[in-house]
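Student: Could you pick one spot where the chains meet and look at it closely? I'd like the setting before the atoms.

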Number of protein chains: 2
Amino acid sequence: MQANRRGRRRDGAEAKPDAGASARYRTLVNPFDPMRMFSDDQIEHIHGSALQVLETIGIRMLLPEARSILAAAGADVDHSTLTVRIDRSLVEDALRRAPSSVMLHAPSPDRHVEIGGRNVVIGPVAGPPHVTDMERGRRVATLADYQDLVRLTQHYDILHVNAALAEPQDVPPPLRHYATMRAQLTLSDKAPWVFCRGTPQVRDCFAMLRLGLGLTEEEFESHPYCWTVINTNSPFQLDIPMLQGLIDFARAGQLAVVTPFTLAGAMAPVTIVGALTQQHAEALAGIVVSQLARPGAPVCYGCFTSNVDMKSGSPAFGTPEYVKAAWASGQLARRIGLPWRSSSTTASNVTDAQAAYESQMSLWGALLGGCNILLHGAGWLEGGLSASFEKFIVDIEMLQMFAELFAPTPVSEDDMGMAAMAAVGPGGHYFAAEHTMSRYRTAFYAPLISDWSNFGRWQETGSLTATERATRMWKNVLADFAPPRRDAARIEALDDFIARREREGGAPPES
Amino acid sequence: MQANRRGRRRDGAEAKPDAGASARYRTLVNPFDPMRMFSDDQIEHIHGSALQVLETIGIRMLLPEARSILAAAGADVDHSTLTVRIDRSLVEDALRRAPSSVMLHAPSPDRHVEIGGRNVVIGPVAGPPHVTDMERGRRVATLADYQDLVRLTQHYDILHVNAALAEPQDVPPPLRHYATMRAQLTLSDKAPWVFCRGTPQVRDCFAMLRLGLGLTEEEFESHPYCWTVINTNSPFQLDIPMLQGLIDFARAGQLAVVTPFTLAGAMAPVTIVGALTQQHAEALAGIVVSQLARPGAPVCYGCFTSNVDMKSGSPAFGTPEYVKAAWASGQLARRIGLPWRSSSTTASNVTDAQAAYESQMSLWGALLGGCNILLHGAGWLEGGLSASFEKFIVDIEMLQMFAELFAPTPVSEDDMGMAAMAAVGPGGHYFAAEHTMSRYRTAFYAPLISDWSNFGRWQETGSLTATERATRMWKNVLADFAPPRRDAARIEALDDFIARREREGGAPPES
């Protein structure tokens, strides 16, 4: 019998890209009621306390334009400390305006994804300065690595959108966004990611998107075609590029995910409930800026609350505290009626058992918590300081297992198989039963790298760990990669724009 | 700052057994509502279909005494096929009699555990013929290995009961139960496990327990002091030692967990719903035998439904299908009002990422499904064919993370820390805040082997994987192990009994 349900061999050696066969992962709907960490009253109390924080402590906003927008709306701006205190009525106005669900448009219409409700949208790792794999070791990321990570993201249907991947440090910062946007628009047909490093770069990225997708400015601004994450500088601060990004994205109708980086015990209170209150206050502040810049702008509620090692100050991820914070964050997002973003994370320095169990904890925190958009879904290692090619594949395996867990389970009379049981009877077996033969090809998830062979067979095939098997898998995917068909004229227009902007010196990041 | 909350150093090098410090894990209560895989109607339909299976297909029972007991109760016995068809009224009678919760007594009263309700009781691996570790490699298990696994089980408070561990194959089968019971009664004060390999061995074990614990026969039979698992020979069969065990355990008031080994696609229907129906029918048959042997005997509902690799027939564990079956099994156990047993499992041949993510999937299936007693909680590898010392430690880490997830989360006004937030303000940090200083020692789970240090520090300390760090941990625990205090006179009586029985040739296993 053969179980290569998705056209992939277990050993990975003959894995062939087969996007069609896994297209069932292109839409992921969570059938389970979200886990609840706190009572409704406790969630209400955290929400109310966050409103109080915004009214009393406020948020330092380093961008004058943001302070002006808030002041014009009636917020109390302290010009000496750059701190804005936001009345709860402003928050409530913003929450009324923000959409509860967002349709993120992609270059290919069949890659459009809805973020909200029971939908789960997954993106890969975002942001590491390094990449690592078992063949080439750990190194500073280059554009070639970035492009390979776009290819891996494009290949797996369980990844629905692009993300920042790794920083291509061989491209100078003023020119980097041209290279990353070009790679996304030529190697992928999934919604691209834009890094908010100041208005000039964001404007360039929006222009590239319009050229690459053949959109007028009006068409572009009528739907979100890209997404970004706005991190607060916890505690209680938003910096210039982040605020510019919030405003630029809102005005252009593009999707911003506001994510405080609240590490309990370091940049946030040492308690879960305190860190969540701060997270909620900071996220609400960002959401208010977004909705004042353009009412109804697409915005998501992001969480990243975790804890630190109190001995060293090192951030920890996928901890029990992380799961608690995730489930509570899902409740807070639903309380304010916004889609919720979470992450798959680990502090491990290698794709080992720790990397797997911490990422699993994060995934259960996110996915059972009702997460709508999962960032860092594949490839995150070292607390986000490396993108790992092997971890990428291990993560894809874990994500696909969740997709299968979320898939419907056949329960008809025929599926129950009472006749098969009667025919097999005591002491028999079902291998040859018609009930089995008619279903075995699609009955079970066929893994990418999990090896279920016995010890002897496993030894004969080289005694490889899952991580070593992952090396073969990513190499095969990259070797066989074929980019999606793109419109040649649009890519030419994109390239002309990039060439012109590069001649002009590009756009240095703001700080 | 120091975070060695339980007196253990992160690097494991100086780990000291500190049972007192982790005694909070001795009682584990699951605060979360159990996950539901199916609707109540669907569960009712599976239950009803299982009753129909028992009435029409029946169960082949190889032990004449079991058939006689069933016949006397009114079941329909086909003597030519040894098959017993069981009317649903017999099942309903049994379910009315079986207790919904069981207090398993241990040699030390503070190790008594209640199995039922929201309680979670965890035991280690049971049954592998091999053991493996990174220093000595994979090998046939010996009594020395068995004793070491008892020591590891005794050391960690998150393990609440003993289990079969690995088979000490250097002890002849007729004498093996003396060695394993002696090890449990001298190296541990947690409730022991008895393997049901026929009435003579079980009687020996009960006699050893009475001697070792200083109990009269009446005292012994008034509470469960040991536990066992009764596996059906799926499909639809119970063999002689298993039926003897069911009857012997029931009559002595000891705890039997009835667990069908229903591998979907092999010994059970290829569908989840079909495999569950068969599992349920087989478990109910065992429960009926138990309750006819002694009404009210302590018995648990066990599940082991998983799927096979349809290419090779190899069993798979920790799959999406496994999680679905686990959650549904919890619902079925609650439907019939019995405590539910599940397992932590993996098919991996090495303690790698696969071992971790498959075990995590199993754990979430069990623990979020509302499992009351988890077997194979530490050390299971290779689909149960090896007990791994490193996997044991990795599993303990994962279990302790669940225990912390289940622990209450402080939510008072003081915990929220509004004053600390105001004092820290925009751009500050919480490291030195009084709110932090008064809580940091116990705020977060301090891991056993997870390494949260950055890449440079991790390299300096040897670039060890979690599995390699686990080697140091189990070696330290064994080096420092001190057995619990036992009554010398009772142990002498136990040894006299063993010496006599060994002179008599012991008790060969039944088959």
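Tutor: The two copies meet through the same surface, because 100% of the interface residues of chain B are also interface residues in chain A. This is a predicted model, where local features need pLDDT of at least 70 and side-chain atom pairs pLDDT 80 or more, while totals for chains, interfaces and linings use all residues; side-chain values use heavy atoms, without hydrogens or water. Residues are numbered from 1 along each chain as written, and chains are lettered from A and ligands numbered from 1 in written order.

To lay chain B on chain A, rotate by 180° with 0.0 Å of shift along the axis, giving an RMSD of 0.0 Å (least squares on C-alpha atoms with pLDDT of at least 70 in both copies). That's a two-fold axis relation. In chain B, the C-alpha nearest the axis belongs to B:A353, 2.1 Å away.

Now zoom in on A:Q278, which sits in helix α9 of chain A, residues 272–293 (a DSSP run of H or I, at least four residues). A:Q278 is buried, with 0% relative accessible area; buried means under 20%, with a 1.4 Å probe and protein chains only. Beyond its neighbours within four places in sequence, A:Q278 contacts B:M421 and B:Y430 from the other chain, and its partners in chain A include A:F236, A:T262 and A:M267 (contact means heavy atoms within 4.5 Å). The side chains of A:Q278 and A:E282 also share a polar contact of 2.9 Å, meaning N or O atoms within 3.5 Å, one able to donate a hydrogen and the other to accept it. Further along, A:S290 comes 12 residues away in the chain, with its C-alpha 19 Å from that of A:Q278.

How values were computed: Helices (H or I, at least four residues) and strands (E, at least two) are DSSP runs, numbered from the N terminus. Buried means under 20% relative accessible area, exposed over 50%, partly exposed in between (1.4 Å probe, protein chains only).
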